[in-house]
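Colleague: I would like a close look at one part of this model. Please take a pair of packed helices and tell me how they meet.

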Amino acid sequence: MNHVDVAVVGGGPAGTAAAERAAAEGADVVVFEKGVPRDDRDELGPDSTDAAGFLDYWVDIAQLDVEDLPDGVVQQELNKAEFIGPEESVAVDRTGIDSSYDGFGFTFQRARFDDWLRERAEDAGADYRVGDSVLNVESDLSDGHEHTLTLSNGEEWTADYVILADGPQRRITIPVLDGFLPDDQSASERLSPPETNHIAYQEYRKFPDEVLEEDNIKFWWGWMPGETAYPWVFPNADNVARVGLTMPIGLDIDDFDKSAYRLLNEDDESIPKGAEYIRRLLEELYGDEYDVEEDFPVVEDGYGKSRGTETYAISSTRPIDSPTEAGIAVVGGAMGTTSAFHEGGDHVAMRTGKLAGELAAIGELHAYNDAWKDAIGDEILRNVAMAEMVQDYEPSDWDTTFRVARKMLESADGGKILTRKNASVGVDGLRLYKDYKQAKFRYRKGKYVQLRENEYRY
């Protein structure tokens, strides 16, 4: 039987960051990645779905040196993000958060980024194994903690520490956590993917030269139903853009007023599929001047997971603590730090992975739950508060919010966007500011954590 100091389940940004940091600290590390085929990668690797990109301060959270990235990872430098409601819109050219990165942000090619992270982990000494998935983890706490991982090829590996980085589907994380929780407080219920994830779909489309704004990412809010449901356009290189959307799983169209949403038709009997939503968006935006299918073709060769398209899950739950006394840490999407509200979260995935890897390597994993809150707590609090504030928004509420946000930006005399002074633009501004501050207050001091460390039983 093979034995290592640290076993990592999942080879995406969180898992490779954990492995690189643990190996750099001298630990014997193995990463198990089941591997998926992608048209934009020559061999099996993680399910490297392109996210929105990196904003300026996300670079600092991830502790990412952009200068180290190889050619082809960064696709476009960004100068702004545009948020578009049914009638109102606002363009944001700053995050209002201090950053060492000189710019608004950038989009990137996720498969190349993941391959680079894998190379860094292997260069540090980690063993990255792809193609055989982890089927089960059994923990023995009779004398410290030792974990036995059973692989799909029949092999068994033991490890002193296990880092769970299996993403928002949580195929291994959920049964592992259930082993440390009472039946009436199970992770199966609180973290069940159909209940706590959003589904996302996107297509890589070639845009006409005169249409694509290469420095601008765009989001349309209030155009389709569902909490945190929106389509987007993210520019890549060579006039190719990712046109996609995210929405909750299992929506019932009868719960919504179809006439209120631009991307619904009165004769719709169910929520449209992702491809239909994208066709309708492009027709709404460009159909008067262009033949959408001819002038905005899907680029099938070497893009995305399959023929220029991809479908993937995004965690939309609040984060959880880990059972660190058992020598187990959960990181990235598996722990719920990524967010459907801001379309992904490679930055927080990398940071939690780095913390878990380093602490496991030096035998201090018990400090992990406090460490990740110190590192990314402000970011999580912002996202959780914002997501709660807008969860019941109707299309008209998005218009009000964007109109107020535009006035706030116009009146801002510094980097901050949402401040008490800026909110004085009117009654709606004060209400927006109040709602946000109240939501942040409710989740202060780590109350955004939905599964606390003291709930685990050893």
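Modeller: What follows is a walk through one helix pair, then a residue that touches one part of the chain there, then a small sheet.

This is a predicted model. Start with helix H9, residues 346-361, and helix H10, residues 368-389. Their axes lie 10 Å apart, and the packing angle is about 160 degrees. Angles over 145 degrees count as roughly antiparallel. H9 and H10 are therefore roughly antiparallel to each other. The crossing of H9 past H10 is right-handed.

Now the side of H9 that meets H10. It includes His-347, Val-348, Arg-351, Thr-352 and Leu-355, along with Ala-356 and Leu-359. From H10 come Tyr-368, Ala-371, Trp-372, Ala-375, Ile-376 and Glu-379. By type, the residues of this contact are nine nonpolar, two polar and two charged.

Next, Ala-17, which sits in helix H1, residues 13-24. Its relative accessibility is 4%, so Ala-17 counts as buried. Beyond its neighbours within four places in sequence, Ala-17 is in contact with Met-350, Gly-353 and Lys-354. Those three numbers fall within the 346-361 span of H9. Phe-104 is 87 residues from Ala-17 along the chain, and their C-alpha atoms are 24 Å apart.

Last, the sheet. It is open, with three strands in the order S3-S7-S4 and antiparallel pairing. Strands S3 (54-55) and S4 (74-78) stand at the edges with a single partner strand each, so one side of each has no neighbour in the sheet. S3 pairs with S7, residues 105-108, over two bridges. Leu-55 has Gly-105 in S7 as its bridge partner.

Methods: Residues numbered from 1 in each chain as written. Predicted model: local features only at pLDDT ≥ 70, side-chain atom pairs only at ≥ 80, totals over all residues. Heavy atoms only, no water. Axes fitted to C-alpha atoms, helices over the stretch in contact; angles between N-to-C directions. Helix = DSSP H or I, 4+ residues; strand = E, 2+ residues; numbered from the N terminus. Parallel < 35°, antiparallel > 145°, perpendicular 65-115°, else oblique. Left-handed = near helix turned anticlockwise from the far one by under 90°. Contact = heavy atoms within 4.5 Å. Nonpolar A, V, L, I, M, F, W, Y, C, P; charged D, E, K, R; others polar. Pairing = 2+ DSSP bridges. Buried < 20%, exposed > 50% of the residue type's maximum accessible area, 1.4 Å probe, protein only.
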